[in-house]
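Colleague: I'm still new to reading structures, so could you take me through one part of this one slowly? I'd like a close look at a salt bridge inside a helix, and then at whatever surrounds it.

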Amino acid sequence: MNEHSIPSNALKTKNVTSCPLYPKKKRPHCPDNQSLGCLTNRRSHLAIEVTKKLKKVQTNYAAFSAMITDGATNTILTTVRPKTQMYLDFGQKSFGKNTTCEKCGMLYMNGMEEDEATHRKVCQSYLHGVPFRSKKMMRDRTVWSSNGFDIVRIRYDDPVSYRNKVKEVNLVVNRDLGFAENSADKKVTTFLCVTNGRVVALCASESIATGYAMVGPGRRSKVKQRASLGVLKVWTHTNWRRKGLASRLVDLAREKTVYGINVPSTAVAFSSPTVDGGIFAMKYSKMEHPLVYDS
């Protein structure tokens, strides 16, 4: 026999066994003891099993659809929760009415627990200063400390948690100043003065190029003048005024807002100052006509 001849045992029926999938049909095994017939049947059987499972899924889906049609959905899918009384109505005159707090000016709905909780938080912040308890922020961002006061600098590119604290303080500051926030896309550096775990003063500053001389309350000249630092807003809590905190904040803004430059007081412009803000700008810059700018 040459090397290309077919072995005689390959043509004989050898080791005949019944296929487990089709027991009535018998297939001869090939010389290497692997049944080509069984392999073909396995593939056919797999297709049959998949078809059976698909039919089962379709049957279950049809039954489920029938249950929905029969109105059984509420029993199967949903659980009826017991009703909870959220507040008590004893006939109060102010119940369910919008109320404006005389202390903080916040508008809230009397009798609504969520509104009242929010109001209590805002009112405490307004009366005593926004809480500031982050030791990490105090350690990483403090730029000045003296006599129990710490000033923290937070930049526009600092972590979100730091910037969120600035937003929380601005809610109180803007309400107190009647300030419409317009610094979402600005590169603002904020300085917070903290004492006893509360923020009691704030200064927000930015880099600018020009300003205008203030010629009266709410009035300015039309001639542009060179300016380097813009004070977007400066605020001190009522209980902590006349302690030099606002001046100290602006001093630090001049030193640490524009990188590498200590801006002179005459190159500082104030954004739309109030009457009190205009007086502060005159005293701070020691100019009869301090600079202002549009934020």
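Modeller: Let's start with Lys165, which pairs with Glu168 in a salt bridge whose closest N and O atoms are 3.1 Å apart. Keep in mind as we go that this is a predicted model. The two partners, Lys165 and Glu168, both belong to helix α5 and sit three residues apart, which is about one turn of the helix. Why can such pairs form at all? Side chains of opposite charge can pair when their charged atoms come close.

Now, are these two buried or exposed? Lys165 has a relative accessible area of 15%, so it counts as buried, because the cut-off for that is under 20%. Glu168 comes out at 25%, so it is called partly exposed.

Right beside Lys165 in the numbering is Val166, and its place is also in helix α5, which covers residues 160-177. Val166 is buried too, with a relative accessible area of 9%. What does Val166 touch, once we ignore residues up to four places away in sequence? The answer is Ile154 and Thr190. For a sense of distance, take Val166 and Thr189: they are 23 residues apart in sequence, and their C-alpha atoms are 10.0 Å apart in space.

Follow that contact across to Thr190, and you land in strand β8, residues 189-195. Thr190 is buried as well, at 6% relative accessibility. Leaving aside neighbours within four places in sequence, Thr190 is in contact with Val152, Arg153, Ile154, Val166, Leu202, Cys203 and Ala204. Notice that Ile154 turns up again: Val166 touches Ile154, and Thr190 is in contact with Ile154.

Back to the charged pairs. How many salt bridges does a search of the whole structure find? It finds nine. One of them joins the side chains of Asp158 and Arg141, at 3.1 Å from N to O. This pair links distant parts of the chain: Asp158 is in the loop between β7 (149-154) and α5, while Arg141 is in helix α4 (residues 135-141), and the two are 17 residues apart. Asp158 counts as buried, at 8% relative accessibility, whereas Arg141 is partly exposed at 24%.

There is also a network of salt bridges that links Lys136, Arg139 and Asp140.

For a pair that reaches further along the chain, try Arg220 and Asp294, whose closest N and O atoms are 2.8 Å apart. Arg220 lies in strand β11 (residues 219-226) and Asp294 in the segment after β14 (291-293), so this salt bridge ties together parts that are 74 residues apart in sequence. Arg220 itself is partly exposed, with 36% relative accessibility.

Next, a quick look at the backbone. Most residues other than glycine have a negative phi, and most peptide bonds are trans. With that in mind, look at Asn147: it isn't a glycine, yet its phi is positive, at about 50 degrees. You'll find Asn147 in the loop between β6 (142-146) and β7, and it is exposed, with a relative accessible area of 74%. Arg242 is another non-glycine residue with a positive phi, near 65 degrees. Arg242 sits in the loop between β12 and α6 and is exposed, at 87% relative accessible area.

That loop brings us to α6. At 1.5 Å a residue, the 12 residues of α6 should span 16 Å, and the end C-alpha atoms are 16 Å apart, so the two figures agree. Which residues of α6 are buried? They are Leu245, Ala246, Leu249, Val250, Leu252, Ala253 and Arg254.

Ala246 leads us on to the largest pocket. Its lining has 28 residues, and Ala246 is among those that lie nearest the centre, together with Val234, Asp276, Gly277 and Phe280. The elements that give two or more residues to this lining are β12 (229-236), α6 (245-256), β13 (268-271) and α7 (275-285). About 960 Å³ of space lies in the largest pocket. As for the kind of residue around it, the lining has 14 nonpolar, eight polar and six charged residues.

How values were computed
Residues numbered from 1 in each chain as written. Predicted model: local features only at pLDDT ≥ 70, side-chain atom pairs only at ≥ 80, totals over all residues. Heavy atoms only, no water. 1 Å grid on protein atoms, 1.4 Å probe; cavity = no way out; pocket = protein on both sides within 12 Å on 5 of 7 lines; lining within 4 Å. Points joined across faces, edges and corners; volume = space filled by probe spheres on them. Helix = DSSP H or I, 4+ residues; strand = E, 2+ residues; numbered from the N terminus. Nonpolar A, V, L, I, M, F, W, Y, C, P; charged D, E, K, R; others polar. Buried < 20%, exposed > 50% of the residue type's maximum accessible area, 1.4 Å probe, protein only. Contact = heavy atoms within 4.5 Å. Salt bridge = Lys/Arg side-chain N within 4 Å of Asp/Glu carboxyl O. Expected span 1.5 Å × (residues − 1).
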